[in-house]
Amino acid sequence: MIPSRRALLRGAAAAAAAVPLAGATAGSAIASSSASASAGVSAAGPDGHGVAGHGTAGLGPNVLVFDPSMGDAAIQAQIDSVFAVQESNQFGTERYALAFRPGTYNVEINVGFYTHVLGLGAGPEDVVINGHVTVDAQWFDGNGTQDFWRAAENLTIVPPDGLDRWAVAQAAPMRRVHVKGDMILMPSPPGNGWSSGGYLADSVVDGQINSGSQQQWLSRNDTIGSWAGANWNMVFVGVQGAPATSFPAPPCTTVDRTPVIREKPFLTVDRRGAYHVFVPALRRDSTGTSWAGGRTAGHSIPLTEFHVAQPGDSAASINAALARGKHLLLTPGIYPLSAPLRISRPGTVVLGLGLATLQAVNGNSLIEVDDVGDVSVAGVILEAASARSRVLLRVGDGRTRKNHAHRPTALFDVFPRIGGAVPGGTDVSIQIDSNDVIADHVWAWRADHGLDGTVGWSVNPAGVGFLVNGDRVTAYGLFVEHHQNYEVLWNGNHGRTYFFQNEHPYDVPTQSAWRHGSTNGFAAYKVADHVTDHQAWGLGSYAFFNLNANIYTDRAYEVPDTPGVAFTSLMTVCLNGPGGGGILHCINDTGDPVENGFGTYNMKSYSNGVAVV
């Protein structure tokens, strides 16, 4: 039996969550920041300033900037100090960015929770790590299904043994990376446990990627030597070297070209030590990386044009800076906000470092973007921290006819979280009303486990995870889990989704508590009845009802039967034991049930009432 990704793991997760601060090691010191007790590591940089804090453009104590002149041993000690705090710190308040100036480093980087590893060069080849950049799961007995909230980007990795390990679950992107060797996506022995839900974009892997026990995976705009392995759904969009579509045996789904994308903005430093944020240009019908021909096309914005926020900054102070025309850089930490951040200027960039976390503490939303073009929101956790927010992030405000096709707003690595660390609730996690929006890697998570008092059917209520009212909205890597209404509700026309991963809520207490009209449960992905054009590729929906209460949902996917609506490579999985319940149909009233014990069901395609199995 293939185990549930997170089934029966709550106790272990809670025990691992509260991790005391590690003591200081050579070359490092543990300090307290304004938002949380955090490891503030300092050492002299080549410019005579400390490598953390105000010597790095005011990036704060939790951005550790390294230069080769510091020496590999000193750098390694600081990396290890952060990992000692973060390895199992699943619901802690500490946040870090480990930033490497251009050069070559002989170090090993283990990437723990809320740790963001980034190169500061103009391209991935500017920062070379002669060592591994690793995510493993030994903190959790070799089970990688809770390796959340971490990131690596804009690096070249040269693993000494030729193999890099990135055994991740949700909210753990790798972007803009060149791996000079092979890559494996599962934990190391002795566990060799499951990993689930990774994301690789704009990257090159010279050798083979072996998925191992990885359950679902999205690769977008990559170049790979080869691919080995498949479990439930492996999806490739615009990937050079991808395997051909063979779903469901093996379950690989390949879309040759990425229709519209621009890559996530990233922080750089020039030869004078000045910081900038580079914003890549829009690409259409693309394959491979944005940097295959040299430098990525786009434009650079000096950091002097940003408001560099620190934990403790209020919504009022940040909004005042945005109103003056500033962009926003969120340094690592927790930001309790009693009002939303309001983005009204086209082209505004909001960039988080170190999994910066915004908390709604007053029933408020967290980010509201006007119906304008070319906005970027990237690298943030959005946390419900009060009884009920109507929405956590909204783009636009009501239906509109405005066309933003030439300058679309984009969301990158945006991770709503309801419960787990703090109790809270929301009606909608992300709502998109504007047209032409791109969502590039979203994990909207209503927690199924966490710290005591933060998880329960009425403790962390969440309605719809991803609500789309706009037209021509495109999603790459859409992960939506455990919400209590439709997980995805798509009302706009001409929508496209490339990869969807879902789990229904685990903790449904009774069937009557999870029913609308005569329908049991809610579909994980609902396309509204009036929609005439919608397509999705590579979808997986899982059921694990953990109260042994015989809970069912009538269907995983619900769509209008019209020629313009088509789903390709879709599946359902049941992970219950006997008496748990399951999913009665895959899509609409079509497809066999998966129930009361492990089972999977695969469907090659569905459109206009016709299923191909």
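Select Pro250 in this predicted model. Pro250 sits in the loop between E18 and E19. The peptide bond that leads into it, from Ala249, is cis, with omega near -5 degrees. Step back along the chain to Pro248. This proline is also placed in the loop between strand E18 (233–237) and strand E19 (252–255). Its bond from Phe247 is cis, with omega near 10 degrees. As background, most peptide bonds are trans, and most residues other than glycine have a negative phi.

**Backbone: positive phi**

Go to Tyr114. Its phi is near 50 degrees, a positive value in a residue other than glycine. Show strand E6 (109–110) and strand E7 (115–119); Tyr114 lies in the loop between them. Is Tyr114 buried or exposed? Tyr114 counts as buried because its relative accessibility is 0%, and the cut-off for buried is under 20%.

Now pick Asp141. Here phi is positive too, about 55 degrees, although the residue is not a glycine. Asp141 belongs to the loop between strand E9 (133–134) and E10. Its relative accessible area is 70%, so Asp141 is exposed; the cut-off for exposed is over 50%.

**Helix H3**

Select residues 315–323, which form helix H3. Colour Ala315, Ile318, Asn319, Ala321 and Leu322; these residues of H3 are buried. Turn the view to look down the axis of H3. The buried residues fall within an arc of 155 degrees, so they line one face of the helix. An α-helix has 3.6 residues a turn, so residues three or four places apart point the same way.

Rotate to the other side of H3. The face turned away from the buried side carries the exposed residues Ala316 and Ala323.

What covers the buried residues of H3? Show strand E25 (306–309), strand E26 (327–330), strand E27 (334–337) and strand E28 (341–343); the cover includes these four. Then move just past the helix to Gly325. This glycine follows H3 and has a positive phi, near 95 degrees.

**Cavities**

Turn on a cavity display. Rolling a probe the size of a water molecule over the atoms shows where empty space is left. How many cavities of 30 Å³ or more does a search of the whole structure find? The search finds four.

Centre on the largest cavity, which holds about 100 Å³ of space. Select its lining: His116, Ala151, Ala152, Glu153, Pro173, Arg175, Lys264, Gly352, Leu355, Gly379, Asp413 and Phe415. Strand E10 (150–157), strand E29 (349–360) and strand E33 (410–418) are the elements that give two or more residues to this lining. Which of the elements provides the largest share? E10 does, with three residues. Colour the lining by class: five residues are nonpolar, three polar and four charged.

**Largest pocket**

Move on to the largest pocket. About 210 Å³ of space lies in it. The lining has 15 residues. Gly121, Ala122, Thr268, Val269 and Phe278 are the closest to the centre of the pocket. Highlight strand E21 (266–269) and strand E22 (275–280), as each supplies at least two residues of the lining. E21 gives the most, with three residues. By class, six of the lining residues are nonpolar, five polar and four charged.

**Second largest pocket**

The next stop is the second largest pocket, with about 170 Å³ of space. It is lined by 13 residues. Select Val260, Arg284, Asp436, Arg472 and Thr474, which lie nearest its centre. Add strand E20 (258–261) and strand E39 (495–503); each supplies at least two lining residues. The class split here is seven nonpolar, two polar and four charged.

**Confidence**

Finish by colouring the chain by pLDDT. The mean pLDDT is 91, and 91% of the residues reach 70 or more. Then select residues 1–55, where the pLDDT is below 50. How many contacts does this stretch have in the model, beyond near neighbours in sequence? It has 154. Where pLDDT is low, the predicted coordinates should not be read in detail.

Notes. Residues are numbered from 1 along each chain as its sequence is written. This is a predicted model: local features need pLDDT of at least 70, side-chain atom pairs count only at pLDDT 80 or more; totals for chains, interfaces and linings use all residues. Side-chain values use heavy atoms; hydrogens and water are left out. On a 1 Å grid over the protein atoms alone, a cavity is a set of points where a 1.4 Å probe fits but cannot get out, and a pocket is an open set with protein on both sides within 12 Å along at least five of seven lines; lining residues have an atom within 4 Å of a point. Grid points are joined across faces, edges and corners, and a volume is the space filled by probe spheres set on the points. Ala, Val, Leu, Ile, Met, Phe, Trp, Tyr, Cys and Pro count as nonpolar, Asp, Glu, Lys and Arg as charged, and the others, Gly among them, as polar. Buried means under 20% relative accessible area, exposed over 50%, partly exposed in between (1.4 Å probe, protein chains only). The arc is that of the directions from the helix axis to the C-beta atoms. Contact means heavy atoms within 4.5 Å. pLDDT is the predictor's confidence in each residue, from 0 to 100.
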